[in-house]
Amino acid sequence: MARIVQASLAALLLLPMATTMHSSCILKKEQAMCLEKIQRANELMGWNDSFPGCPGMWDNITCWKPAHVGEMVFVSCPAELFRIFNPDQDTRVVSRNCTEDGWSEPFPHYFDACGFDEYESEAGDQDYYYLSVKALYTVGYSTSLVTLTTAMVILCRFRKLHCTRNFIHMNLFVSFMLRAISVFIKDWILYAEQDSNHCFISTVECKAVMVFFHYCVVSNYFWLFIEGLYLFTLLVETFFPERRYFYWYTIIGWGTPTVCVSVWAVLRLYFDDTGCWDMNDNTALWWVIKGPVVGSIMVNFVLFIGIIVILVQKLQSPDMGGNESSIYLRLARSTLLLIPLFGIHYTVFAFSPENVSKRERLVFELGLGSFQGFVVAVLYCFLNGEVQAEIKRKWRSWKVNRYFTMDFKHRHPSLASSGVNGGTQLSILSKSSSQIRMSSLPADNLAT
């Protein structure tokens, strides 16, 4: 279970999976090759149950060939796993003695010789931890998806809210929604089975799921970048054609991820078409996706600093008024509002090595990051004064119409019982009253 969840989490972090999914699949493949070697060795040696010695075995890390009593067998640490856990050291050797009672314990111990222990030794703790993180981000993405969908309905429903700023917010909301949906699809398609069979899956379906997943994640990062770029441009330039800028924003937000992911998919197809494309052994190919993402994060961080500097200058101007404490309070509030919109929390681990603080990184970027869509929807839709004013206006209008409809039914029960709806009844009443006024005008004129 831990192997499957680790693979999913590593993909969400846009990290090479050399230390997570890769290690589990290496062991699975090594086990399959070991069993084949043992079978061939048994055939060559004429091995049977009555043969004195130690049978070949797989001990979850290395393969031990059949041996005679008194024979000492030497094996090297698994090369690929050793390179993962000890990248700067030479491969070491582990030995076992074949005794009358069977195989002895490995010497030196795996942890001392290879830098890692038996893979299943801490499976229970890993299962609990990774399943907890998976449950956390599942709740986070579900909450974000529901909240963002509601926010999208509100922004689309009220035409007075249709402007360039809200159009950019809506595209960001859609990118968050797609990211959440792609996570659920990926978990469902790739890791539905509670074993490591996904190590050997190499179907068009699962590869397409991974391409779609990476596209949604990269698009989300780029629309966070667009939010920062738009706000910075708004503060720097007094007049600029928003509609023309929005056209280029759309191309950058949806077009650039399309190019990056398409190039990555073509390169994977021709140079690294292994598995389900959920393992990224080739670092150069992986940077086709990770490079633009890290670049957008860092540019957004620079824009964030620039906006904070501009806000400080504007808040300290004499025209703003207020004492020093109120200025800093407004600055702090503005800063806190911008952090989720710009994705500034991603800069904490943007350039840190994959093996450094991995558990903390999972909780920080997945546990907290999965709720980012919920926070953005609340701050920039539900707590937005313009949105609240429009909802209140529509609510008052609905109450007024409902009041007049009910009043009309009481005053004109014959019309109400005829099946005419409230809107039609009101229009009939207004037309009849205007006709009465028009017919009374000549009589009044004659009287005068």
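**View 1. Helices H6 and H8 pack with their axes 10 Å apart.**
In this predicted model, helix H6 (residues 164-190) and helix H8 meet at an angle of about 10°. Angles under 35 degrees count as roughly parallel, and H6 and H8 are therefore roughly parallel to each other. From H6, the residues that come to the contact are Thr164, Phe167, Ile168, Asn171, Val174, Ser175 and Leu178. Their counterparts in H8 are Glu242, Arg243, Phe246, Tyr249 and Trp254. Sorted by class, the contact of H6 with H8 has seven nonpolar residues, three polar ones and two charged ones.

**View 2. A disulfide joins Cys34 to Cys63.**
Let us move on to the disulfides, of which the structure holds three. In the pair shown here, Cys34 and Cys63 have their sulfurs 2.1 Å from each other. This link connects distant parts of the chain, with Cys34 in helix H2 (residues 21-45) and Cys63 in strand E2 (residues 63-64), 29 residues apart. The torsion about the S-S bond is 75°, and the link of Cys34 and Cys63 is right-handed. How accessible is Cys34, and is it buried or exposed? Cys34 has a relative accessibility of 1%, so it counts as buried. Cys63, with a relative accessible area of 23%, is partly exposed.

**View 3. A disulfide joins Cys54 to Cys98.**
Here the S to S distance is 2.1 Å. Cys54 sits in the loop between H2 and strand E1 (57-58), while Cys98 belongs to strand E4 (residues 93-99), so the pair ties together parts that are 44 residues apart in sequence. The torsion about the S-S bond of Cys54 and Cys98 is about 105°, so this disulfide is right-handed. Both cysteines, Cys54 and Cys98, are buried.

**View 4. A disulfide joins Cys206 to Cys276.**
The sulfurs of Cys206 and Cys276 lie 2.0 Å from one another. Which parts of the chain does this pair tie together? Cys206 lies in helix H7 (residues 204-236), and Cys276 in the loop between helix H8 (242-271) and helix H9 (283-315), so the linked parts are 70 residues apart in sequence. Cys206 is buried, and Cys276 is buried too.

**View 5. Cys156 and Cys163 are worth a look for their accessibility.**
Cys156 has a relative accessible area of 39% and is partly exposed. For Cys163 the relative accessible area is 24%, and this residue is also partly exposed.

**View 6. Thr147 in helix H5 touches Phe374, Ala377, Val378 and Phe382.**
Thr147 belongs to helix H5, which covers residues 123-157. Is Thr147 buried or exposed? With a relative accessible area of 11%, Thr147 is buried, since buried means under 20%. Leaving aside residues up to four places away in sequence, the contacts of Thr147 are Phe374, Ala377, Val378 and Phe382.

**View 7. Strand E3 has a covered face and an uncovered one.**
Strand E3 takes in residues 72-76. Val73 and Val75 make up its covered face, whereas Met72, Phe74 and Ser76 make up the uncovered one. How many bridges join E3 to E4? There are five, and E3 and E4 run antiparallel. To find one of these pairings by eye, start from Ser76, whose bridge partner in E4 is Val93. Strand E4 also carries Cys98, the residue met in View 3.

Notes
Residues numbered from 1 in each chain as written. Predicted model: local features only at pLDDT ≥ 70, side-chain atom pairs only at ≥ 80, totals over all residues. Heavy atoms only, no water. Disulfide = S-S within 2.5 Å. Helix = DSSP H or I, 4+ residues; strand = E, 2+ residues; numbered from the N terminus. Buried < 20%, exposed > 50% of the residue type's maximum accessible area, 1.4 Å probe, protein only. Contact = heavy atoms within 4.5 Å. Axes fitted to C-alpha atoms, helices over the stretch in contact; angles between N-to-C directions. Parallel < 35°, antiparallel > 145°, perpendicular 65-115°, else oblique. Nonpolar A, V, L, I, M, F, W, Y, C, P; charged D, E, K, R; others polar. Pairing = 2+ DSSP bridges.
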